[in-house]
2 protein chains.
Amino acid sequence: MKKILAIDVGGTKLVHALINEQGDFLTTPEKVLTPKNIEELKKTFENIINKYENDIDLTAFATAGAINITNTKVESSTPNMPDGYNSIDFAKLSKKPVYVENDANAAAWAEYKVGAAKGEDNTITVTLGTGVGGGFIVNGKLLRGKSGRGGEVGSMKTATRGRICTCRRKDCWESYASGSGLKFTAEETAINCETFKSSIYKDKRPKDITTYDIINGIKMNDEYSLKVFNIWKNDLIKGLINITNIFDPESIIISGGMGEFIDTEEIEKAVNSETVVAPVKIKLAKAGNYSGMIGAALLAAEKY
Amino acid sequence: MKKILAIDVGGTKLVHALINEQGDFLTTPEKVLTPKNIEELKKTFENIINKYENDIDLTAFATAGAINITNTKVESSTPNMPDGYNSIDFAKLSKKPVYVENDANAAAWAEYKVGAAKGEDNTITVTLGTGVGGGFIVNGKLLRGKSGRGGEVGSMKTATRGRICTCRRKDCWESYASGSGLKFTAEETAINCETFKSSIYKDKRPKDITTYDIINGIKMNDEYSLKVFNIWKNDLIKGLINITNIFDPESIIISGGMGEFIDTEEIEKAVNSETVVAPVKIKLAKAGNYSGMIGAALLAAEKY
């Protein structure tokens, strides 16, 4: 059975572990801080790989950014990574094969192979965190597109309210349905809003209200917070309707930090009441915090 | 080489021809009016099939409606077809294999195999007619979804202007980017609009302005018509941006009646300026009026 060295490269942390081709961990994941300098980052990669190289069959990276079609390089800009990150040729880091995959794609693959979507050949994983990411499985294969950049569902335009996204484009789904989207909705909603004036947050400036405040406000039964959350939920639902109508998937798996605040049953009902395809199941992710590593390892094992 | 009897079932016309597995026509397509009664329709199917049955390997239908996953039945309601259409078991119409595919999916397959997207393993065909249809090729395979209903891109929500679609849902892309969408935009735009008051259509009631009027108005350089068409174009572009970001396709092929009024180069430029994936090519369909028959025949030949 193949042994894969899996490395998850985040803006803050870098985690690695050995994984077998069934997705089981052979070692406990080890974390280090992600170096802020490109040379140090490369050195860190080399050190980890050197340590395991003789013992493994291949290396798999899960990382932010758009990956090229041969899974050897990051092609897009990655604001949270050191400058020059997209100049690294991952294939050259080891004598053995190296595979790089976008972390949202890898997480979707993990949900499909060992997580909440196991056995479902048409499934989508949507990551609701600071941003919105997506990984799409179609006919049992990962949708990568012509250049490897497919699945950019956060950039889908779902509204015409004119909100400016962090990517500077207008009305991206991400700018509404992410954790940050909830904060923007809180600010927007507070302006000229009677409910806000009687809210527990009435003394805050609208732009200072946080995602956490709204989550907390819901628990306190604050009417304004409930109103904001409902608007956010409707924006989330709209995007889920769109991908359901296009993909007719068996399931949509919700991962990421915002997942714990939604009622999947309620969302599933709302989505299915508005789609023209057969009903979709909406479930929370099950492959865990290391789904990116697992997915990348399994995809690498499949390729090599 | 396989010989396929291909039958295109439209609300008005029913066309059939023999096609080989390379997509070449072996006979001239023959048209009859589509019977308005389900028994007569079945009889027509039987007559056509009886005529060719000994001479062919299989039969392929292209039709409106959602098709079941085994390609033997229409599963959705089909308002333009006789009542009972979705009770027909197509597999039982012939002693030889019968294959049924949605006409938009079939057209996309034809564009991929013998048309404008030949050789492009990730391509989308968008049909702009009275409605908006779509067929998606991912990794060289037709996206059908769990139930065969995938590709319902016309039901994607792209705006929040509150327009009611013919499906009674709100803000479907189809209600904006179709031929009928252009008419609705004309009506909406005319209300309280100075440009309309000096337009060549100023004496018409807004709701009486037709799609054709706007197309004609553009040729006459009528400012109001140009304004309406620009709004329509932006609504079209928004949906194309969404599917480009999700699928990262090599090409989007535009088919259907509205295709002849758009400048694909202009649309391509606008789409690519707003996407986060590698640039997509936007081209007009090339497989012709009978692309549904060709696509269904080729898909059937591949299955059997």
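The dialogue below introduces a predicted model, its two chains, and some of its strands and contacts.

Visitor: How should the numbering and the confidence limits be read?

Guide: Residues are numbered from 1 along each chain as its sequence is written, and chains are lettered from A and ligands numbered from 1 in the order in which they are written. Because the model is predicted, local features need pLDDT of at least 70 and side-chain atom pairs count only at pLDDT 80 or more, while totals for chains, interfaces and linings use all residues.

Visitor: What rotation superposes chain A on chain B?

Guide: Copies are superposed by least squares on the C-alpha atoms of residues with pLDDT of at least 70 in both. Here a rotation of 180° with 0.0 Å of shift along its axis brings chain A onto chain B, with an RMSD of 0.0 Å. That is the relation of a two-fold axis. The same surface serves both copies, since 100% of the contact residues of chain A recur in chain B.

Visitor: How many residues does each chain bring to the contact?

Guide: Two residues are in contact if their C-beta atoms, placed from the backbone, lie within 7 Å. Chain A brings 35 residues and chain B brings 35 residues. On the side of chain A that touches chain B, helix 7 (residues 223-247) of chain A gives the most, with 6 residues. Helices (H or I, at least four residues) and strands (E, at least two) are DSSP runs, numbered from the N terminus. By class, that side of chain A has 13 nonpolar, 11 polar and 11 charged residues. In this scheme Ala, Val, Leu, Ile, Met, Phe, Trp, Tyr, Cys and Pro count as nonpolar, Asp, Glu, Lys and Arg as charged, and the others, Gly among them, as polar.

Visitor: Which domains does the assignment give for chain A?

Guide: Domain bounds come from an automatic or database domain assignment. For chain A it gives domain 1 (3-109 + 289-303) and domain 2 (119-286). The C-alpha centres of domain 1 and domain 2 of chain A lie 28 Å apart. In chain A, 11 residues of domain 1 are in contact with 15 residues of domain 2. Helix 2 of chain A supplies the largest share of the domain 1 side, 5 residues. That side has 8 nonpolar, 3 polar and no charged residues.

Visitor: Is strand 7 of chain A enclosed or open to the surroundings?

Guide: A residue is buried if 20 or more other C-beta atoms lie within 10 Å of its own, exposed if 12 or fewer, and partly exposed in between, with C-beta atoms placed from the backbone. In strand 7 (residues 132-138) of chain A, 7 of the 7 residues are buried, so the strand is largely enclosed by the rest of the structure. Both of its faces are covered, with V132(A), G134(A), F136(A) and V138(A) on one side and G133(A), G135(A) and I137(A) on the other.

Visitor: Which strands are joined to strand 7 of chain A by bridges?

Guide: Two strands pair if DSSP finds at least two bridges between them. Strand 6 (residues 123-128) of chain A runs antiparallel to strand 7 of chain A, joined by 6 bridges, and V126(A) stands opposite G134(A). These two strands form a hairpin with 3 residues between them. Strand 8 (residues 141-142) of chain A is also antiparallel to strand 7 of chain A, with 2 bridges, and there V138(A) stands opposite K141(A).
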